[in-house]
Amino acid sequence: MRPLLSARTLLRTCPIPGANARKARTPSWPARVLVTVTLALLAACSQQELYGQLTERQANEMVAVLRNAGLHAEKAASRDGKAFVVSTRPDDFSRAVEILHAGGFPRDSFDTLGQVFKKEGFVSSALEERARFTHALSQELSATLSSIDGVVQARVHVSVPEKNPLSDKPQHSTASVFIKHRPGVDLSQQTGKIKALVVNAMEGLPYDNVTVAMFPAEPIPPAAPPSFLGGLWAQYGGVVMLVTGLLGLMAAAVAAMAWWQRRPAAAAALAETGLASMVGAAVAPLRRGAAVAVESPAQPRVGSES
């Protein structure tokens, strides 16, 4: 009589259908906990971009202004590495935009004479050269006036008339200066110095042909008073998130270790149950056949009569 297959052989040849597929499809709960904690930490540490394509000086000034106002701000290099990006928390985005706008940030970048008259290899006309010179002069004067303490934004508009060789009366140039200053800063005593600065920078510009207009900037809007919970979160929110993340990672690690230790016992129990059912199903027909053979009496064999 051929011996029955062992339990181990039956398990190898007839695996439990769907067990391995179900284990592969359904992730373990420690893995789900770890993914949830990671996503929560990423959401808490997310940053929203305020301005991009900035120079390093512009980015440093904006970060300093925002941090002095009590807001979180970070500076990072752009993807191409040629510029900088200033970002803040999503909750502080609106407040940061208002503060930067009131302070005149980011500062404008002005062209220099070397940039305007950069040789391109083409022959320029007299009109084009005069337009370039006027633009370069305006840019240089605007950059100089923007460096005055208390000035938020400065613009200088220069008008240089074209010389008429048939006219004996010379036509003088004119200049208009626009200055936006911080609220509470009085620059009216500096009007004479500003006009003198512009007059001496342009040839043939009369003192009376320079107009200076000053406008105060809007005050920085006051921040909304934080609630009690908001104040606590602003002070200890980072620590709470860090501790929560570490505790979540430790809990996930402990759960993963416990699951890994219980894995052999669970696999043995599953194999035991599956083998018992499979052996029972395989032996049942043999048992039924043996029972039928025992219950039915032996029938005498009838020989042929001679």
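Here is a quick tour of this structure, from a sheet and its helices to the cores and one aromatic pair. Keep in mind that this is a predicted model. One part to look at is an open sheet of three antiparallel strands, with helices H4 and H5 lying across it. Another is the largest nonpolar core, which has 18 residues, and a further core of 13 residues lies apart from it.

**The three-stranded sheet**

- Start with the strand order, which reads S1-S3-S2 in this open, antiparallel sheet.
- Strand S1 (48–54) and strand S2 (73–77) sit at the edges, each with a pairing partner on one side only.
- On average, neighbouring strands here are turned by 20° against each other, if you ignore direction.
- Strand pairing in general works through backbone hydrogen bonds, and it can be parallel or antiparallel.
- Between S2 and strand S3 (residues 84–88) there are five bridges, in the antiparallel sense.
- To find your way along that pairing, look for Glu 74, whose bridge partner in S3 is Ser 87, and for Ala 77, which stands opposite Phe 84 in S3.
- S2 and S3 also make a hairpin, with six residues between the two strands.
- In the turn of that hairpin you'll meet Gly 81, which has a positive phi of about 75°.

**Helices across the sheet**

- Helix H4 (residues 56–68) lies across S1, S2 and S3, and it runs at about 165° to S2.
- Helix H5 (residues 93–102) lies across S1 and S3, at about 35° to S1.
- Which residues of H5 are buried? They are Arg 95, Ala 96, Ile 99, Leu 100 and Ala 102.
- Those residues are on the same side of H5, because they cover an arc of only 165° around the axis.
- As a rule, an α-helix has 3.6 residues a turn, so residues three or four places apart point the same way.
- Turn to the other side of H5 and you'll find Ser 94 and His 101 exposed.
- The buried residues of H5 pack against S1, H4, S3 and strand S4 (151–159).
- Just after H5 comes Gly 104, with a positive phi of about 75°.

**The nonpolar cores**

- In soluble globular proteins, nonpolar side chains tend to be buried together.
- In the largest nonpolar core here, Val 177, Val 198, Leu 205 and Val 210 touch the most other members.
- Helix H7 (126–146), S4, strand S5 (174–181), helix H8 (191–201) and strand S6 (210–216) each give two or more residues to this core.
- S4 gives the most, with four residues.
- Take Val 210 as an example: leaving out residues up to four places away in sequence, Val 210 touches Ala 175, Val 177, Lys 195, Val 198, Val 199 and Leu 205.
- The other core, of 13 residues, includes Val 63, Leu 66, Leu 71 and Phe 105.

**Helix H8 and its cover**

- The buried residues of H8 are Ile 194, Lys 195, Val 198 and Val 199.
- An arc of only 130° around the axis takes them in, which puts them on the same side of H8.
- On the other side of H8, Lys 193 and Asn 200 are exposed.
- H7, S5 and S6 are among the elements that cover the buried residues of H8.

**His 181 and the aromatic pair**

- Is His 181, in strand S5, buried or exposed? His 181 counts as buried, because its relative accessibility is 9%, and the cut-off for buried is under 20%.
- Setting aside neighbours within four places in sequence, the contacts of His 181 are Gly 150, Val 151, Val 152, Leu 187, Met 214, Phe 215, Pro 216 and Ala 217.
- How many aromatic pairs does a search of the whole structure find? The search turns up one.
- That pair is Phe 178 with Phe 215, and it is tilted, at 5.6 Å centre to centre and 35° between the planes.
- Phe 178 lies in strand S5 and Phe 215 in strand S6, so the pair ties together parts that are 37 residues apart in sequence.
- Both rings belong to partly exposed residues: Phe 178 has a relative accessible area of 27%, and Phe 215 is at 43% relative accessibility.

Notes:
Residues are numbered from 1 along each chain as its sequence is written. This is a predicted model: local features need pLDDT of at least 70, side-chain atom pairs count only at pLDDT 80 or more; totals for chains, interfaces and linings use all residues. Side-chain values use heavy atoms; hydrogens and water are left out. Two strands pair if DSSP finds at least two bridges between them. Axes are lines fitted to C-alpha atoms, for helices over the stretch in contact, and angles run from 0 to 180 degrees between N-to-C directions. Contact means heavy atoms within 4.5 Å. Buried means under 20% relative accessible area, exposed over 50%, partly exposed in between (1.4 Å probe, protein chains only). The arc is that of the directions from the helix axis to the C-beta atoms. A nonpolar core is a set of buried Ala, Val, Leu, Ile, Met, Phe, Trp, Tyr and Cys residues joined through side-chain atoms within 4.5 Å. Rings of Phe, Tyr and Trp (its six-membered ring) pair if their centres lie within 6.5 Å; planes under 30 degrees apart count as stacked, over 60 as edge-to-face and the rest as tilted.
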